[in-house]
Amino acid sequence: MSMISLYTEWLLRDNIDFDIIYMDKYGENEDFPAKNKYVFKNIINPNNPRWYKALQYWKFKKFAVNILNNNYYDFIIVWNDVAIFMFANYLASRWKGKYCLNIRDYCYQKNIFIFRRFQKVINSSAFTTISSLGYKIFLPPYNYLQVHSLNLPVLKQIIPRSSLRELGKPIRIGFVGYVRFYDINKRLLDIFKNDSRFEMHFYGSHADVLRQYAEENGIANTAFHDSFPVKDTAKFLQRIDIINNVYGNNSMSLDYALSIKLYHGVYSRMPILVCPNTYMEQISKEYQLGFTVTDYTSEMKENLYEWYTHINFEKFNMSCSQFINKVLQDNQNFESAYQKYIKEI
C-alpha cells in the first residue's frame, strides 16, 4: 500500500488524525504514521481453495465495519478496487458523501452485477479518483479525478539523469518492483543473453526466480536483488538506464493501466519499454518517452539499440518535464478535492 502516501503526506502536513484499517496478507508489520492501526491477519496460502480465500475477505469486512460503526469517523478513504466492491452497499447507504474511492485496477466491471455495484458506490461518493484515464472505458460515467501514482517519499530521493548511458558501456535494462510475468522476462533474458551491449537487471520480490533461470541457462550479463524496502527504490533505479515495463497486453488489467514505472522513468529521466496496444504505449508515444516492444526477436534488440543510441537527450528531458507538468496539474485538481471534502471537515 505504498501509494497511500498520496493521502498520508497531506494528513500529516495538516495535523489531521487518522486511523488505518487493513488486511495483512503477508505477515509483515507495516509501518504507517497513523494514530491507530487496526490489522486483520489473513496470511494467504496459495494452495487454499478460492471459496476459503473469499470467506476470509468477508470476515475482514465484518471486522472493518465494526470499527467504522463504533469510531464515528468524519470521512473514509477507500483504497483499492476489492475494498470498493466489498463495502459498496454499506458505504452508499451509511456514508453517502462522506467517503472517497481510489480505483487503481480492473475489477471485472464488465460483469453487469459488479458494474452496477460500482455505479452505486461511485455515485454516492464525495469524489472518486482513477490512476489512469484509460479506465473510463469499463467504468460507469462519472466526473473522475485522475490522481497520478506519485510516491513522493521515493521520487524525492531520485537524482535525475543529466545524460544517457555513455556509448561503449552496456545499456542496463532494469525491472524495479514486484517481479512477475516470468514468461515474458525469460524471453527477454534469452534475447539479450550475453550480448555485451546490454545488461538485464531485476530488482524486487521474486527476482530470484529469474536469477535461477539465468544461472541454469548460462546468461551472465545480469544483475539481481530480491526483496527490498520501498525506501530503497531510488537506489536501484540509479543502477539502470532503461526501465522494463513489459507486462504484456490483451488483458483489461494491463491494457488500460498507467504503471508506477512510468513516473519512475520521467522523474529519473530514463526511457521506458512498453507493450503495443496499451494505454502505456499511447502515453509513451504522445510524450516520446519510450520504446514499444512489438516482438521478442533479435531484430527487436537491434532496433532498441539503434533507437537508444540516437535519442536526443535534450528533447527527451523536455518531454519528461512536459509530462511532469501535466501530472502536477492533474494532481492539483485532486488536492482541491482533498481540501474541500477532507481538510475542511
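**Exercise 1. Salt bridges**

Task: State how many salt bridges the structure holds, then work out which parts the Lys343–Asp14 pair ties together.

Solution.
- This is a predicted model. It holds 17 salt bridges.
- Take lysine 343 and aspartate 14. Their side chains form a salt bridge, at 3.7 Å from N to O.
- Place each partner. Lysine 343 sits in helix H14, and aspartate 14 in the loop between H1 and strand S1 (19–24), so the bridge links parts 329 residues apart in sequence.
- Check burial. Buried means under 20% relative accessible area. Aspartate 14, at 19%, is buried. Lysine 343, at 37%, is partly exposed.
- Extend the picture. Salt bridges with shared partners join Arg13, Asp14, Glu335 and Lys343 into one network.

**Exercise 2. Two further pairs**

Task: For lysine 35 with aspartate 17, and for aspartate 241 with arginine 172, decide whether each residue is buried or exposed.

Solution.
- Start with lysine 35 and aspartate 17. Their side chains meet in a salt bridge at 3.8 Å, N to O.
- Lysine 35 lies in the loop between S1 and strand S2 (36–41), aspartate 17 in the loop between H1 and S1, so this pair ties parts 18 residues apart in sequence.
- Exposed means over 50%. Lysine 35 has 58% relative accessible area and is exposed. Aspartate 17 has 59% and is exposed.
- Now take aspartate 241 and arginine 172, bridged at 2.9 Å, N to O.
- Aspartate 241 belongs to the loop between helix H9 (233–237) and strand S10 (242–244), arginine 172 to strand S7 (residues 171–176), so the link spans 69 residues in sequence.
- Aspartate 241 is buried at 3%. Arginine 172 is buried at 16%.

**Exercise 3. Nonpolar cores**

Task: Find which residues touch the most other members of the largest nonpolar core, and which helix gives the most to this core.

Solution.
- The largest nonpolar core has 62 residues; Phe192 and Phe323 touch the most other members.
- Helix H14 (residues 313–343) gives the most to this core, with 6 residues.
- Look around phenylalanine 192. Beyond four places away in sequence, its contacts include Ile173, Phe198, Met200 and Leu304. Asn221 and Lys301 are also among them.
- A second, separate core has 35 residues, including Phe85 and Ile114.

**Exercise 4. The second largest pocket**

Task: Describe the lining of the second largest pocket by helix and by residue class.

Solution.
- The space is about 180 Å³.
- Helix H1 (5–13), helix H6 (152–155) and H14 each supply at least two lining residues.
- H14 gives the most, with 5 residues.
- By class, the lining divides into 7 nonpolar, 3 polar and 2 charged residues.
- Glu335 is one of the lining residues. Glu335 also belongs to the salt-bridge network with Arg13, Asp14 and Lys343.

Definitions and conventions: Residues numbered from 1 in each chain as written. Predicted model: local features only at pLDDT ≥ 70, side-chain atom pairs only at ≥ 80, totals over all residues. Heavy atoms only, no water. Core = buried A, V, L, I, M, F, W, Y, C linked by side-chain atoms within 4.5 Å. Buried < 20%, exposed > 50% of the residue type's maximum accessible area, 1.4 Å probe, protein only. Helix = DSSP H or I, 4+ residues; strand = E, 2+ residues; numbered from the N terminus. Contact = heavy atoms within 4.5 Å. 1 Å grid on protein atoms, 1.4 Å probe; cavity = no way out; pocket = protein on both sides within 12 Å on 5 of 7 lines; lining within 4 Å. Points joined across faces, edges and corners; volume = space filled by probe spheres on them. Nonpolar A, V, L, I, M, F, W, Y, C, P; charged D, E, K, R; others polar. Salt bridge = Lys/Arg side-chain N within 4 Å of Asp/Glu carboxyl O.
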